[in-house]
Amino acid sequence: DNPTAFGVAKVDENGRVLQLVEKPKDPPSNLALVGIYYFAPTIHDAIARIKPSARGELEITDAIQNLIDHQESVESKIIEGWWLDTGKKDDLLSANQIILDTKLQTSVSGQVDESTELIGRVVIGEGSQITNCSIRGPVIIGENCHLENCFVGPYSSIANDTTLIDIDLEHSVILQGAKLDRVRQRIVDSLIGRRAKLGVAPKRPKAVRFMVGDDCQIELE
């Protein structure tokens with residue numbers, strides 16, 4: 001719906017690419033480039049011929065356009081169905097929700113104690129230990145995770161080697177090796193990077209949203 005936010009392709013009736021424009025003010029079509037490319041070795045020649053863009057980078061769209069300018073064959077395939085730019089937090093969370101809705105099947109390989117409640121479709125990986133938690137699917141928890149005294153709500157994905165202690169969480173993605181310890185607010189609509197650490201916070205009657213990068217350490221007050 002908003003092709004000006006993406007690289008856009010103009011194609012002929014046979015799917016041959018005629019022109020590529022990066023984030024055009026006046027788009028030649030509404031066909032956005034989804035970032036999946038298959039190249040022949042000629043792409044190296046095209047890269048050698050182009051110059052850095054205004055932002056100082058060699059742009060892949062410029063290299064493809066150079067192939068077109070040199071009469072090389074550049075063909076396209078239109079992808080039907082949904083597609084999201086997962087370089088943005090909210091779209092990544094939406095993609096996570098779609099995948100959990102459509103692909104997840106219950107599988108519990110880790111250790112779950114008797115005080116833990118599992119509701120709906122839940123995956124728990126090998127080596128994970130779940131103690132005194134309430135987990136409401138669809139939820140996936142990776143391998144070698146440790147969860148204690150937690151509520152994990154729907155549409156949450158927790159990667160391998162993650163530790164959650166006294167955490168309320170839903171509709172979020174937690175990446176590998178992150179550690180969340182006694183964050184008293186409910187965490188919603190959040191993306192927590194690899195090996196990130198979130199520390200103690202006093203109880204407050206509200207939810208919080210985070211986008212935290214890899215290897216960050218945050219202590220809330």
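**Sheet, pockets and backbone features of the predicted model**

Strand E1, which spans residues 7-11, is joined to E2 by five bridges, and the two strands run antiparallel. The structure described here is a predicted model. Within the E1-E2 pair, valine 11 is positioned opposite valine 17 of E2. Both strands belong to an open, three-stranded sheet with antiparallel pairing, in which the strand order is E2-E1-E3. Its edges are formed by strand E2 (17-22) and strand E3 (31-32), each of which pairs on one side only.

The largest pocket encloses about 1,000 Å³ of space. Its lining comprises 35 residues, and those closest to the pocket centre are Ala32, Leu33, Val34, Lys77 and Ile79. The elements contributing two or more residues to this lining are E1, E2, E3 and H2. The strands of the open sheet, ordered E2-E1-E3, are thus represented in the lining together with helix H2. Classified by residue type, the lining of the largest pocket contains 22 nonpolar, seven polar and six charged residues.

The second largest pocket has a volume of about 260 Å³. Fifteen residues line this pocket, and Phe6, Gly7, Glu22, Lys23 and Leu33 are those nearest its centre. Leu33 is also listed among the residues closest to the centre of the largest pocket. In the second largest pocket, the lining divides into six nonpolar, three polar and six charged residues.

Several backbone features were identified in loops. The peptide bond that links glycine 137 to proline 138 is cis, with an omega near 5°. Proline 138 is located in the loop that connects strand E9 (134-136) with strand E10 (139-141).

Positive phi values occur at two residues that are not glycine: glutamine 71, with a phi of about 65°, and arginine 195, with a phi of about 60°. Glutamine 71 is situated in the loop between helix H2 (60-69) and helix H3 (89-103). Helix H2, which precedes this loop, is one of the elements that give two or more residues to the lining of the largest pocket. Glutamine 71 counts as exposed because its relative accessibility is 65%, and the cut-off for this class is over 50%. Arginine 195 lies in the loop between strand E19 (191-192) and strand E20 (197-198). With a relative accessibility of 41%, arginine 195 is therefore assigned to the partly exposed class.

How values were computed
Residues numbered from 1 in each chain as written. Predicted model: local features only at pLDDT ≥ 70, side-chain atom pairs only at ≥ 80, totals over all residues. Heavy atoms only, no water. Pairing = 2+ DSSP bridges. Helix = DSSP H or I, 4+ residues; strand = E, 2+ residues; numbered from the N terminus. Buried < 20%, exposed > 50% of the residue type's maximum accessible area, 1.4 Å probe, protein only. 1 Å grid on protein atoms, 1.4 Å probe; cavity = no way out; pocket = protein on both sides within 12 Å on 5 of 7 lines; lining within 4 Å. Points joined across faces, edges and corners; volume = space filled by probe spheres on them. Nonpolar A, V, L, I, M, F, W, Y, C, P; charged D, E, K, R; others polar.
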